Amino acid sequence: APPVWLEALPDATVHDLLLALAARYGPEFASALLRAPGELHTHVRVFVDGADADPHDPIVAGAPEVTVLVMPIFEGGSQ
């Protein structure tokens, strides 16, 4: 998928970003990310500039631009 560019306030958190994405892409997208309003599914991980991020972590750490990766985590498989 192509990258999505969003402008964030200096005090924005990962949680704020996820809510903005949910608002932009609708209820189906929101339900894939969130199990309750503002609460991430346990299988969704967020990384900010390559570091594992908590929903309460800031997304803007003084840099003019950061990379945020939101991805599902899958476990299991066959041997």
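What pattern does the protein follow when read along the sequence? The answer is α-β-β-β-β-β, which comes to 1 helix and 5 strands. Helices (H or I, at least four residues) and strands (E, at least two) are DSSP runs here, numbered from the N terminus. The model is a predicted one, so local features need pLDDT of at least 70 and side-chain atom pairs count only at pLDDT 80 or more, while totals for chains, interfaces and linings use all residues. Residues are numbered from 1 along each chain as its sequence is written, and side-chain values use heavy atoms, with hydrogens and water left out.

Now for the overall picture. Of the 79 residues of the protein, 24% count as buried. Buried means under 20% relative accessible area, exposed means over 50%, and partly exposed is what lies in between (1.4 Å probe, protein chains only). About 5900 Å² of the protein is exposed, and carbon and sulfur atoms supply 58% of that area. These accessible areas come from the Shrake-Rupley method with a 1.4 Å probe, and for residues only the protein chains shown count as cover. As for contacts (heavy atoms within 4.5 Å), take those between residues at least 6 apart in sequence: 45% of them join residues at least 24 apart.

Next comes the inside. In soluble globular proteins, nonpolar side chains tend to be buried together. A nonpolar core is a set of buried Ala, Val, Leu, Ile, Met, Phe, Trp, Tyr and Cys residues joined through side-chain atoms within 4.5 Å. The largest such core here has 15 residues, and the ones touching the most other members are Val14, Leu18, Leu40, Val46 and Ile59. Two elements, H1 and S3, give two or more residues to this core, with H1 supplying the largest share, 7 residues. Val14 has plenty of company: leaving aside neighbours within four places in sequence, Val14 is in contact with Val46, Val48, Ala53, Asp54, Pro55, Asp57 and Ile59.

One of those partners, Ala53, lies in strand S4. Ala53 counts as buried because its relative accessible area is 14%. Besides Val14, Ala53 touches Val46, Phe47 and Val48, again not counting residues up to four places away in sequence. The C-alpha atoms of Ala53 and Leu69 are 9.7 Å apart, and the two residues are separated by 16 residues along the chain. Just before H1 sits Thr13, in the segment that precedes this helix. Thr13 is buried too, with a relative accessible area of 18%. Setting aside neighbours within four places in sequence, Thr13 is in contact with Pro55, His56, Asp57, Pro58 and Ile59.

Over in strand S3 there is Val44, which counts as buried because its relative accessibility is 8%. The contacts of Val44, leaving out neighbours within four places in sequence, are Ala32, Leu33, Val70, Met71 and Pro72. Val44 and Ile73 are 29 residues apart along the chain, yet their C-alpha atoms are separated by 5.9 Å.

The loops have a couple of things to show as well. His41 is placed in the loop between strand S2 (39-40) and strand S3 (44-48). A polar atom of the His41 side chain lies 3.3 Å from the backbone oxygen of Leu34. Not counting residues up to four places away in sequence, His41 touches Ser31, Ala32, Leu33, Leu34 and Arg35. Asp49, in turn, lies in the loop between S3 and strand S4 (51-53). Its phi is near 50 degrees, a positive value in a residue other than glycine.

What about charged pairs? The structure holds 2 salt bridges, each being a side-chain nitrogen of Lys or Arg within 4 Å of a carboxyl oxygen of Asp or Glu. In one of them, Arg35 pairs with Glu39, and the closest N and O atoms are 2.6 Å apart. Arg35 is partly exposed, at 47%, and so is Glu39, at 35%. In the other, the side chains of Asp52 and Arg45 meet at 2.0 Å, N to O. Asp52 is partly exposed at 42% relative accessibility, as is Arg45 at 33%.

Technical notes:
Polar contact = N/O pair within 3.5 Å; in protein donor to acceptor, adjacent residues only side chain to side chain.
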